[in-house]
Every structure is written in structure tokens, then in C-alpha cells.
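Have your viewer ready and your selection tool at hand. We will go from stop to stop, and at each one I will tell you what to pick.

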Amino acid sequence: MAYAAITGWGKCLPPAVLTNADLATFLDTSDDWIRTRTGMRERRISHVPAIDMAAVASARALACAGLGAQELDLIVYGSCSSDEQVPNSASGVQVRLGAHNAGAMDINTACTSFLYGLSAAGAMVRSGVVRNALVIGVELISPYMDWDNRNVSVLFGDGAAAVVLQSSESELGVLGEHLGCFADARQTLRVRGMGCSYANQGVQYGDTLWDFDGQEIFRRAVKGMAQATEKALARCGIATDQIDLMVPHQANLRIIESVAKYAGVPMDKVFLTVERYGNMSAATVPVALVEALEAGRVKPGATILMPGFGGGLTVCSHVVRWGDRVTPIGHSAAELPPNERTALEMVNAIRAQRVNRSASERGLMAPRFAEAGLLQGLGTGSGA
Ligand code: ACO
């Protein structure tokens with residue numbers, strides 16, 4: 001039987017740092033509120049398109065695996081903030097890498113897009129459809145953030161990371177996983193203004209309104225990740241005390257602490273990045289995985305647990321067995337172009353471009369193809 005070992009890893013974080021103090025210059029918020037409610041101190045703001053970050057992270061992951069771009073059979077691009085819908089973004093990464101032999105597909109399950117991509121690519125490697133795959137988690141949230149809404153704008157950041165999967169006869173890679181979705185709660189997180197429903201409605205792209213029921217998402221996230229973890233562990237017959245490291249989605253430190261408690265994993269086995277990067281949606285788990293490796297927290301043969309949740313509300317958990325190698329084979333010279341502006345300058349430029357009209361005037365209340373009742377309130381009702 002074939003397995004899909006993770007043999008390469010790389011990240012790309014834009015250099016501009018947006019601190020809690022920066023946010024407090026234009027929001028009624030404080031460093032103390034953000035730190036105590038979320039665990040976040042700062043996040044990154046990108047000066048380049050998402051594909052640029054994804055391409056740098058991917059080049060680094062390939063060098064780490066010692067694999068040539070032409071040897072790739074598949075590129076999976078996990079994101080909910082693609083630069084364009086058509087053509088897809090995975091094809092853009094294929095061009096940048098020169099990975100001419102690779103199939104290329106995008107996956108969007110919001111924050112779980114990297115982990116769902118890991119499942120899709122892993123299944124293809126294990127079944128023999130492909131031998132070598134690249135799985136990317138990337139997010140460029142800043143251009144469509146509702147910056148003047150303090151309920152959401154303090155929570156997110158930009159970033160990218162990627163891993164290489166290779167067919168292996170050793171029992172490595174994802175050993176057990178569970179994917180799920182609380183679709184009855186899909187209205188708890190909706191970005192109005194993104195998607196075809198808003199075409200020809202007078203909506204300027206990026207001019208969004210976020211529907212966000214933080215407390216309901218919080219409850220569902222904890223329950224969903226705990227249940228998914230139980231099922232993923234049962235599927236591969238691994239006990240909680242065999243987990244060496246947990247690398248969870250990082251939307252809120254309190255959510256992570258609750259999931260760790262339910263799962264029975266002590267916090268000293270949990271790798272955290274939430275303080276420095278906030279929630280980078282699909283990029284969060286792979287960036288944390290790369291940094292755990294860089295910090296020496298992944299030991300040869302380690303068993304790693306990766307629970308996640310995202311808009312939808314999608315949930316999942318993955319149990320991964322690491323191989324012997326925890327250091328890169330090679331390093332890529334790929335870099336982002338230099339950045340001249342501060343994060344706050346970039347955010348203020350985005351805020352200045354947002355149209356100062358009411359939501360209904362902006363066409364954000366009545367998308368053309370909206371399902372009945374789609375935008376009527378939030379919560380956990382049965383509305384689609
Ligand atoms: N600064 C200051 N005050 C704020 C801020 C802010 N940035 N945001 C909200 N508040 C206020 C609220 O208005 C409220 O004031 P009120 O009591 O006068 O009404 C008060 O703080 C408390 O608000 P709560 O919503 O009760 O705060 P809570 O402790 O629930 O924390 C939070 C809110 C951080 C959003 C939390 O619910 C959470 O983390 N939820 C999950 C978020 C999440 O998962 N996001 C990702 C979604 S999925 C994905 O990853 C894509």
C-alpha cells in the first residue's frame with residue numbers, strides 16, 4: 001500500500017506587521033481587548049498578490065524536498081481569497097514554478113482549504129493517481145476586509161505556506177482524517193460582496209460587509225474540532241497520549257485551549273502562532289507546521305494532530321505521521337519583491353478606497369442570485 005509522506009515544507013510571510021496599536025488608531029479597540037479575547041498581538045499585511053506569496057512558499061517547499069518542479073504531478077491551491085476566479089490560481093503557481101507536468105486545481109473550504117487539500121492530494125497519491133503533489137494554503141484577506149468593523153478586522157492576517165507530498169511505502173503522512181460541515185450554521189460567517197451574486201449590483205470589488213457571529217462560530221469550532229479529532233484518531237487507532245504535537249487552526253487562543261482540553265492534549269504539546277500572525281485562514285496550519293519544524297518541535301517519527309475549522313462551517317482533523325527527516329534538503333532563493341509601505345499605510349489606503357454609501361445602496365443587501373432568505377439575519381437557523 002502507498003502512503004503520501006510530507007517531504008517538503010516552505011512558508012512565505014509578507015514583511016509588513018500590523019500591530020494591535022495600529023488597529024487602535026482607527027478602531028474603537030485596544031491592545032488589551034484584542035490580546036485577552038483572542039491571544040493576538042500582530043498580523044501581516046501583504047504588498048503583493050496571493051499568487052506571489054504562494055509561489056515563493058512553493059519554491060521553498062520544493063527545494064526543501066529536493067524535488068524539481070517538473071517532477072510535480074499535481075498542484076492544489078487552498079484559499080478563499082484567490083486573486084482571480086478564472087483562470088484558477090493553481091495554474092498561476094504552475095507557471096511561476098515551471099511545473100509543466102502538473103495538474104492544477106483550487107480548493108475553497110475557507111480556513112480549512114489547506115487541510116481539505118491535504119486530504120484530496122493525499123488520497124490521489126495513495127491511490128496512485130499521482131506520485132508527487134504540492135499542497136498550498138494561502139490567503140490575502142486584507143483587500144476585502146471590512147476594516148472599520150472591529151468585530152472582524154482585528155482577527156485576520158495574510159500569509160502562505162506549502163507542503164510537498166510524495167508517494168512512499170512507509171506508513172507516513174495522513175494516517176487518519178475526518179471532514180465535516182455544520183451547514184446549518186453557514187450564515188454565521190458570510191462575506192457580502194464576494195462572488196457572482198453581487199455582479200452587476202453596483203458593488204465595487206473588495207467593498208465588502210462581513211456577517212460574523214463570533215460567539216456561535218466559537219462554540220461550533222470547539223465542538224467540531226473536538227468531534228473531528230475523536231473520529232480521526234479512531235480511524236487510525238491512535239490514542240490521544242500518542243500525539244506528540246498539535247498544530248491547530250489558529251483563530252483564537254481560547255478556542256485552541258478549549259479544543260486541546262477536550263482532546264486531552266496538554267498545552268505544552270500545542271504549537272502556537274496566533275500571537276504573531278492572527279488568523280491567516282487557509283495559511284494558518286501550514287505556516288504553523290513549517291515554524292514548528294524550524295523550531296525543532298517536530299521530531300523524527302512524530303505523530304502530529306491538525307484540527308481545523310472555517311467558513312461553511314467546515315471542520316476537520318488530520319493525524320499525520322512524520323518521517324525521519326526534519327530538516328530541508330535544499331533552500332530556494334525565491335523572495336518577495338521589496339516593500340516600501342508600512343502595514344498601517346496599506347490598510348489606510350484600502351480603507352480610503354472603500355465606498356462610503358449604505359449597504360443597500362452598494363448592492364450588498366440584495367445579491368442577484370440570492371437564495372430565499374439568504375441574507376435575513378444570522379444565527380443557526382435552517383436558512384441556506
Ligand atoms: N475591540 C473592542 N471591543 C470589541 C471588539 C474589539 N475589536 N470586538 C468586539 N468588541 C466588543 C463587543 O462589541 C462587545 O461589546 P458589548 O458587550 O458592549 O456588546 C464586547 O466586546 C464583547 O464581545 P463578544 O462578541 O462577546 O466577545 P467575545 O469574547 O465573544 O470575543 C471573538 C469575540 C474574539 C470574535 C470570539 O467570539 C471569537 O474568536 N470567535 C470566533 C472567531 C473566529 O473563529 N473567526 C474565524 C472564523 S472561521 C475562519 O477561521 C475563517
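Start by selecting the ligand together with T29: a ligand nitrogen atom is 2.6 Å from an N or O atom in the T29 side chain. That is a polar contact, meaning a pair of N or O atoms within 3.5 Å; within protein, one must be able to donate a hydrogen and the other to accept it, and residues adjacent in sequence count only if both atoms are side-chain atoms. As a note on what you are viewing, this is a predicted model, where local features need pLDDT of at least 70 and side-chain atom pairs count only at pLDDT 80 or more, while totals for chains, interfaces and linings use all residues. Residues are numbered from 1 along each chain as its sequence is written, and side-chain values use heavy atoms, with hydrogens and water left out.

Now add R150, whose side chain has an N or O atom 3.0 Å from a ligand oxygen atom. Then add R254: one of its polar side-chain atoms lies 3.1 Å from an oxygen atom of the ligand. The ligand taken alone exposes 1000 Å², and the protein buries 75% of that (Shrake-Rupley method, 1.4 Å probe).

Next, widen the selection to the whole shell around the ligand. It holds 24 residues, and T29, R37, C111, Q215 and N252 are the closest (a residue counts if one of its heavy atoms lies within 4 Å). Which helix gives the most to this shell? Color helix 7, which supplies four residues. Helix 2 (31–38), helix 6, helix 8 (253–263) and strand 12 (303–310) are among the elements that each supply at least two. Helices (H or I, at least four residues) and strands (E, at least two) are DSSP runs, numbered from the N terminus.

From helix 6 (residues 150–153), select S153. Is S153 buried or exposed? It is buried, at a relative accessible area of 0% (buried is under 20%, exposed over 50%, partly exposed in between; 1.4 Å probe, protein chains only). Its side chain reaches the backbone oxygen of W147 at 3.0 Å. Show the contacts of S153 as well: L23, L27, M145, D146 and W147, leaving aside residues up to four places away in sequence (heavy atoms within 4.5 Å).

For the last stop, go to E169, in the loop between strand 7 (159–168) and strand 8 (173–181). E169 is exposed, with a relative accessible area of 76%. Beyond residues up to four places away in sequence, E169 touches M1 and Y3. Finally, draw a C-alpha to C-alpha distance from E169 to A4: 8.6 Å in space, with their positions 165 residues apart in sequence.
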